[in-house]
Amino acid sequence: MGANNNFFGRDDLKTLGFASLGEDVLISRKASLYGTSNICIGSHVRIDDFCILTGKITLGNYIHIAPYTSLCGGSKGIILGDYVNLSRKIEIFAVSDDFGGASLTNPMIPDEYKKTYEAEVVLERHVLVGASSVILPGVILREGCVVGALSLVKDSLPAWSINAGIPAKKIKERKRDLIELEKRFLEINSNE
């Protein structure tokens, strides 16, 4: 991988203090990373400009996170499996304030005056999320699941399904041809 001043160099990444860090990782110098000791990053991962990662986060291999995407892992965490692709302006929340009026909200309020909801969010292998979608705490997107642009995902979605809407609902089945492509890709690249 050639030098590119838009991304942190390998030595810079090591100094950021990630819980773990794979090979071939590109993170924009314009990304905001909070609590890196709680962030595990696999290999062949790219995180673009103006992304925000905070809280407990685990990224698998061959992942792309497009510009303006935000991952708020809180203490429960967000897990992205291998080959996950997040389009622009995705918001994933494993933690949320209570909006029902039972407590005060925002990070400037002491914890004893507010109530939050936290639940792990999991995007399994080969999940693709379209631009400007929002994923709420506790959601599991099963293997091969696709979420269309501008969707709100408040419930878990089935494997190999194409979903969209507010709230997101299954539209149809997704083809699985990419599994064979993955096998060929790994065979060819394992020899390098």
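Trainee: Which residue of β11 is the bridge partner of Ile 65?

Mentor: In this predicted model, Ile 65 has Leu 86 of β11 as its bridge partner. Strands are read through such partners, and two strands count as paired if there are at least two bridges between them. Strand β8, residues 63-65, and strand β11, residues 85-86, are joined by two bridges. These two strands run parallel.

Trainee: Where do β8 and β11 stand in the order of their sheet?

Mentor: The sheet is open, and its eight strands follow the order β2-β5-β8-β11-β16-β19-β21-β22. Its pairing is mixed. An edge strand is recognised by pairing on one side only, and here the edges are β2 and β22, the latter spanning residues 169-173.

Trainee: I should next like to read the cysteines. How many disulfides does the structure hold?

Mentor: The structure holds zero disulfides. The test is one of distance, since two cysteine sulfur atoms must lie within 2.5 Å. For Cys 51, the nearest cysteine sulfur belongs to Cys 72 and is 12 Å away, and Cys 51 is in no disulfide.

Trainee: Is Cys 51 buried or exposed?

Mentor: A residue is called buried when its relative accessible area is under 20%. Cys 51 has a value of 0%, so this residue is buried. Cys 145 is likewise given 0% relative accessibility and counts as buried.

Trainee: How many salt bridges does a search of the whole structure find?

Mentor: The search finds ten salt bridges. One of them brings together the side chains of Arg 10 and Glu 23, at 3.4 Å from N to O. To read such a pair, place each partner in its element. Arg 10 belongs to helix α1, residues 10-15, whereas Glu 23 sits in the loop between β1 and β2, so the salt bridge ties together parts that are 13 residues apart in sequence. Arg 10 is partly exposed, with a relative accessible area of 28%.

Trainee: Which residue forms a salt bridge with Arg 142?

Mentor: The partner of Arg 142 is Glu 124, and their closest N and O atoms are 2.9 Å apart. Arg 142 lies in the loop between β18 and β19, and Glu 124 in the loop between β15 and β16, so parts that are 18 residues apart in sequence are tied together. Arg 142 is partly exposed at 36%, and Glu 124 is also partly exposed, at 24%.

Trainee: Which residue meets Glu 173 in a salt bridge?

Mentor: Glu 173 meets Lys 170, with 2.3 Å from N to O. Glu 173 counts as partly exposed at 45% relative accessibility, and Lys 170 is partly exposed at 44%. Salt bridges may also join into a network, as they do for Asp 82, Arg 125, Glu 143 and Glu 182.

Trainee: Finally, I turn to the largest pocket. How much space lies in it?

Mentor: The largest pocket holds about 470 Å³ of space. A pocket is then read through its lining, which here has 19 residues. Those closest to its centre are Cys 72, Val 95, Ser 96, Asp 97 and Thr 116. Two or more lining residues come from each of β13 (95-97) and β14 (116-118).

Trainee: Which element gives the most to the lining of the largest pocket?

Mentor: Strand β13 gives the most, with three residues. By character, the lining of the largest pocket divides into six nonpolar, eight polar and five charged residues.

Terms used:
Residues numbered from 1 in each chain as written. Predicted model: local features only at pLDDT ≥ 70, side-chain atom pairs only at ≥ 80, totals over all residues. Heavy atoms only, no water. Buried < 20%, exposed > 50% of the residue type's maximum accessible area, 1.4 Å probe, protein only. Salt bridge = Lys/Arg side-chain N within 4 Å of Asp/Glu carboxyl O. Helix = DSSP H or I, 4+ residues; strand = E, 2+ residues; numbered from the N terminus. 1 Å grid on protein atoms, 1.4 Å probe; cavity = no way out; pocket = protein on both sides within 12 Å on 5 of 7 lines; lining within 4 Å. Points joined across faces, edges and corners; volume = space filled by probe spheres on them. Nonpolar A, V, L, I, M, F, W, Y, C, P; charged D, E, K, R; others polar.
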